[in-house]
Structures are given as C-alpha cells and as structure tokens.
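Colleague: Before I take terms like "buried" or "salt bridge" to the bench, I want to see the reasoning behind each one. Can we go through them?

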2 protein chains.
Amino acid sequence: MKVQNKIRAETRFSSAEISNDVGLLLAKLHALSSNLNNRALAEFDLRERSFSVLTLACSGLEPTQRELAEFLSLDPSQIVSLVDELESRGLIERAAGKHDRRVKIVAATADGIGIHAKARAALQACEKAQLAALTENEAVQLKSLLGKALRGGEA
Amino acid sequence: MKVQNKIRAETRFSSAEISNDVGLLLAKLHALSSNLNNRALAEFDLRERSFSVLTLACSGLEPTQRELAEFLSLDPSQIVSLVDELESRGLIERAAGKHDRRVKIVAATADGIGIHAKARAALQACEKAQLAALTENEAVQLKSLLGKALRGGEA
DNA sequence: TATTGTTATACTCTATAACTATA
DNA sequence: TATAGTTATAGAGTATAACAATA
C-alpha cells in the first residue's frame, strides 16, 4: 500500500537533518493543503487563487487590483488573469475608481456571491479535515504562528 | 514604499474572513520561504528541491529514488530530473540496488558532500532570518505543529 | 516622473499517462 | 501482475520586462 510505503520512508529518514527543515515542512504541508483545497473547489470551477480573489470581491471592501496583488502576495499581472477569468464567467465586475481613474475596483455580482457562499462552506469542511490531527487549540496556535512569522518576514 | 502599501492592504483586509484561512497563510509563508531559500541557494546553483535530494544523498542512508519521492512528496518522474541534473554535475551518483536490480540508490560524491555543507550553512542562516519574528520556543512549536498536521493529513 | 493595469515571455512546478526492465 | 525507473506532455504557478493611460 502506498501510504504505508510513505510512512516507511518517513520513519527511515526521520533521523536525517532535513526532516526538521521549516522550508520542507512548509512545502509539504502547502502542497497537501493546496491539493485538497483545489479538489474541494473543483466542483465550482474555482481554484485557491480564484477563490481568494472572489472572496475579497465579496467582502464589500472595494479592493483595487493593486490591493489584491499586495494582500495575496501575487504579481499585479497575475491578478489580471484571475480577474479576467472570473469576470468572463460573470462572477465579478471591474469598476473604474471614483477618485483615481487608473484604478479598477473589483466587486462580486449576485451570481458570484452565491457561488462563493457554497464554495466557502466546502472549503471550511476541507480545512477542518486537514487539521484533524490537531486539537482546536493547536489549530488556532498554528494559524497564529504562521501569521506572526509572515508579518515578520515582510518587514 | 512598497512594503508600506503591502501593510496597508494587510490591515485594510484584516477583517475579511479570508485572512484567517490556513490555505492562504500556508501559501503566503511557503512562497516567502521558497523565495528566500532559493535566493540563498542560488550561489551554489541549487534550488530547494535539488538541495533536498542532495541532502538525502549525503545522509548515508542509501535512499532509492522511490524513497526520495515518498519522503519529499514528489512524483517519481520529478525525482528523475532532479537526480539527472545533480548527477550530470558530478554531485551525486546512481548505483544499482544490491538485492533488487530495479532500484537505484542515490549517493553523494565527495564534491557533492562539499557543496552540500556550504549550502546547508547558508540555508540555516536564511531560515533563522525567516523566523526572526518568532521566539526560539515559538519556532520549535511551529515546526512541531506543521509536522503533526502533516502526519495526520497523510493517513 | 511615478503608478495602475495590461501584455508578453520564459522558466519552474504539478499532474498524468504510457513505456521498459525487472520482480 | 506488480513495482522502479523513465519519457513525454499539458496545465498551473513564478518572475521579469515593457507598454499605455492616468496621476
């Protein structure tokens, strides 16, 4: 069985110095998490990134594309593709900025809000399953530490 | 300044439900970590993945390619490319398995061991900088929680 | 001049499927 | 028939550079 082989390799190399690398741990957990999230979002024809954009578009906070790029740590040019795709599907709309005509404000349509609500529920169940090995307290702690490390790394 | 814009976006959207998504936190921290690690490894012409393979090849544990794939959560075909590249540079070597002629055992050359030691030192300094916002205790805790979540997710 | 969004390009990573040689 | 390694390919993610419209 594949899972057993994987566990065998895990234990056989557990003594290797690399087992405790933050980089490797992050890469593995991120890959696992992305995989599960994208599977959960597939029935809505969304992926992690398009879901993130849709979520912000639903927030009522009137994000500009530049702000989306900064908040999601993506390049502005990547935001263009994501917004293009969601807009072509009628889930979000671009609106010209009121005070600055260069900016484009991204807001969800009624359709977008509906899809988002369903996708959100599916993702939450998925996240819960991902952190099943942790207690409620540990899950909160993990999020807090990730957030703290992140804020430090940006400064 | 760019960092300030980023922080402005962070705070403006901090109330949005998505801010606390494990998936987003992992994606952002992983991206940041990979970026820094790859920059640190660039002077050795290594990347996170090739460094991981080289590290295991240096461990003396005689890993097969299949075991590398399982331990690193990569597809066997991806291991082929990584091993090809490191072998062509004379840093590692493939050896036929003793009991099973199908398997190939990957071991570092003297050159590989030398490069690895230098790269390892550079990476450790880099990791320390990445987790600078955390106390020593918090860093240990983060690694422990990542490992625990990971083991649960594989079962 | 500087910034927002856009287009374009090249490279890396991810996901599959099929093939070969051994077992 | 099953497994280890290999080859091939397509799609997603990452990193830059250049450009038009607006500030």
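What follows is a set of questions about such labels, with the answers.

Modeller: Ground rules first. This is a predicted model, where local features need pLDDT of at least 70, side-chain atom pairs count only at pLDDT 80 or more, and totals for chains, interfaces and linings use all residues. Residues are numbered from 1 along each chain as its sequence is written, chains are lettered from A and ligands numbered from 1 in the order in which they are written, and side-chain values use heavy atoms, with hydrogens and water left out.

Colleague: What makes A:Asp21 and B:Arg120 a salt bridge?

Modeller: The rule asks for a side-chain nitrogen of Lys or Arg within 4 Å of a carboxyl oxygen of Asp or Glu. The closest N and O atoms of A:Asp21 and B:Arg120 are 3.3 Å apart, so the pair qualifies. This pair crosses between chains. A:Asp21 sits in the loop between α1 (2–12) and α2 (22–42) of chain A, and B:Arg120 in helix α6 (residues 110–130) of chain B. Helices here are DSSP runs (H or I, at least four residues), numbered from the N terminus.

Colleague: Why is A:Asp21 called buried?

Modeller: Buried means under 20% relative accessible area, exposed means over 50%, and partly exposed is in between (1.4 Å probe, protein chains only). A:Asp21 has 10%, so it counts as buried. B:Arg120 has 11%, so this partner is buried too.

Colleague: What holds for A:Lys143 and A:Glu127?

Modeller: Their side chains meet at 3.2 Å, N to O, so the salt-bridge rule is satisfied. A:Lys143 lies in helix α7 (residues 136–154) of chain A and A:Glu127 in helix α6 of chain A, so the pair ties together parts that are 16 residues apart in sequence. A:Lys143 has a relative accessible area of 19%, and is therefore buried. A:Glu127 has 18%, so the buried label applies there as well.

Colleague: Why are B:Glu85 and B:Arg89 called partly exposed?

Modeller: B:Glu85 has 34% relative accessible area, between the two cut-offs, so the label is partly exposed. B:Arg89 has 31%, so it gets that label as well. The two form a salt bridge, with the closest N and O atoms 3.0 Å apart.

Colleague: Which residues do shared salt-bridge partners join into one network?

Modeller: A:Glu17, A:Asp21 and B:Arg120. Over all chains, the count comes to 22 salt bridges.

Colleague: Now the DNA. What makes a residue count as near a strand?

Modeller: One of its heavy atoms must lie within 4 Å of the strand. By that rule, 19 residues surround DNA strand C. The closest are A:Gln65, A:Arg66, A:Arg102, A:Lys104 and B:Arg49. Around DNA strand D there are 19 residues, and A:Arg49, B:Gln65, B:Arg66, B:Ser77 and B:Arg102 come nearest. Sugar and phosphate make up 68% of the atoms of DNA strand D within 4 Å of the protein.

Colleague: How do you know that A:Gln65 makes a polar contact with DNA strand C?

Modeller: A polar contact is a pair of N or O atoms within 3.5 Å; within protein, one must be able to donate a hydrogen and the other to accept it, and residues adjacent in sequence count only if both atoms are side-chain atoms. A polar side-chain atom of A:Gln65 lies 2.8 Å from a phosphate oxygen of DNA strand C, so the pair passes. B:Arg47 also reaches a phosphate oxygen of this strand, at 3.3 Å.

Colleague: Which side chain lies 3.2 Å from a base oxygen of DNA strand C?

Modeller: That of B:Ser77, through an N or O atom. On DNA strand D, the side chain of A:Ser77 has an N or O atom 3.3 Å from a base oxygen. A:Arg101 uses a backbone N or O atom, 2.8 Å from a phosphate oxygen of DNA strand D.

Colleague: How do the residues near DNA strand D divide by class?

Modeller: Three are nonpolar, six polar and ten charged. Ala, Val, Leu, Ile, Met, Phe, Trp, Tyr, Cys and Pro count as nonpolar, Asp, Glu, Lys and Arg as charged, and the others, Gly among them, as polar. The largest share of this surface, three residues, comes from α5(B).

How values were computed: Helices (H or I, at least four residues) and strands (E, at least two) are DSSP runs, numbered from the N terminus.
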